[in-house]
Amino acid sequence: MDVEITRLPGIGTKQEFDTAAGRRIGVLTHRDGHRELLVSAREDPDACSASVALSDAEGQALGTLLGAPNLVAQLQDQQREVEGISTAQFPVGAGSPYDGRTLGDTAMRTRTSTSIVAVVRDHVVSPSPGPEFVFRAGDLVVVVGTGEGLGQAATILEDG
């Protein structure tokens, strides 16, 4: 998929791609950091048919909805050939004892025999985060392991 990046002097940056259905989808990131989701026709990208302003939280939520399931689906496809191994995603909630703490603090691999293979934050995927990675509330943690280990991982992220 080709993504066009256009710098808009005095405004910000626009990133767009064409869909198979003939639409043009884009994100306009303004200089002050706020974002807009844009929808237009491929033939005339300047004639925007819809524009939705997104707060940071809304942008994060949309990124998570679009990015995390795709990552998990790819991981599940890769793990399908290995019997007994599954992939799951768990949120780091505001009440999690690991909000503001490192991945190493969880001792996840030692305690559950699972592996944290990625963390999705602000619609950005951090693959293979190291032990120094600091969790924040709202992160989506992608974990690979046995069913039992995944259950233990969820409990650890939620309760400690």
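Which residue in β3 does Thr-13 stand opposite? In this predicted model, local features require pLDDT of at least 70 and side-chain atom pairs count only at pLDDT 80 or more, whereas totals for chains, interfaces and linings use all residues. Residues are numbered from 1 along each chain as its sequence is written, and side-chain values use heavy atoms, with hydrogens and water left out. Thr-13 stands opposite Thr-29 in β3.

The protein contains 4 helices and 9 strands, taken as DSSP runs numbered from the N terminus (helices, H or I, at least four residues; strands, E, at least two). Their order along the sequence is β-β-β-β-β-α-β-α-α-β-β-β-α. Of the 160 residues, 32% are buried, where buried denotes under 20% relative accessible area, exposed over 50%, and partly exposed the range in between (1.4 Å probe, protein chains only). The accessible surface, about 9,300 Å², belongs to carbon and sulfur atoms for 53% of its extent; areas were obtained by the Shrake-Rupley method with a 1.4 Å probe, and for residues only the protein chains shown count as cover.

Strand β3 (residues 23-30) pairs with β2 and β4, pairing being assigned if DSSP finds at least two bridges between two strands. Strand β2 (residues 12-18) runs antiparallel to β3 and is joined to β3 by 7 bridges. Likewise, 7 bridges connect β3 to the antiparallel strand β4 (residues 35-41), in which Ser-40 is the bridge partner of Arg-24. Each hairpin has 4 residues between its strands, with Gly-22 at a positive phi near 90° in that of β2 and β3 and Gly-33 at a positive phi near 100° in that of β3 and β4. Side chains alternate along β3: Arg-24, Gly-26, Leu-28 and His-30 point to one face and are buried, while Arg-23, Ile-25, Val-27 and Thr-29 point to the other and are not.

Helix α2 includes Gly-104, which is partly exposed at a relative accessible area of 38%. Gly-104 and Glu-132 are separated by 28 residues in sequence, yet their C-alpha atoms are 6.3 Å apart.

The second largest pocket is lined by 14 residues, with Leu-103, Met-108, Arg-109, Ile-116 and Pro-129 nearest its centre. At least two lining residues come from each of α2 (103-106), α3 (108-112) and β7 (115-121). A pocket is an open set of points on a 1 Å grid over the protein atoms alone, where a 1.4 Å probe fits, with protein on both sides within 12 Å along at least five of seven lines; lining residues have an atom within 4 Å of a point.
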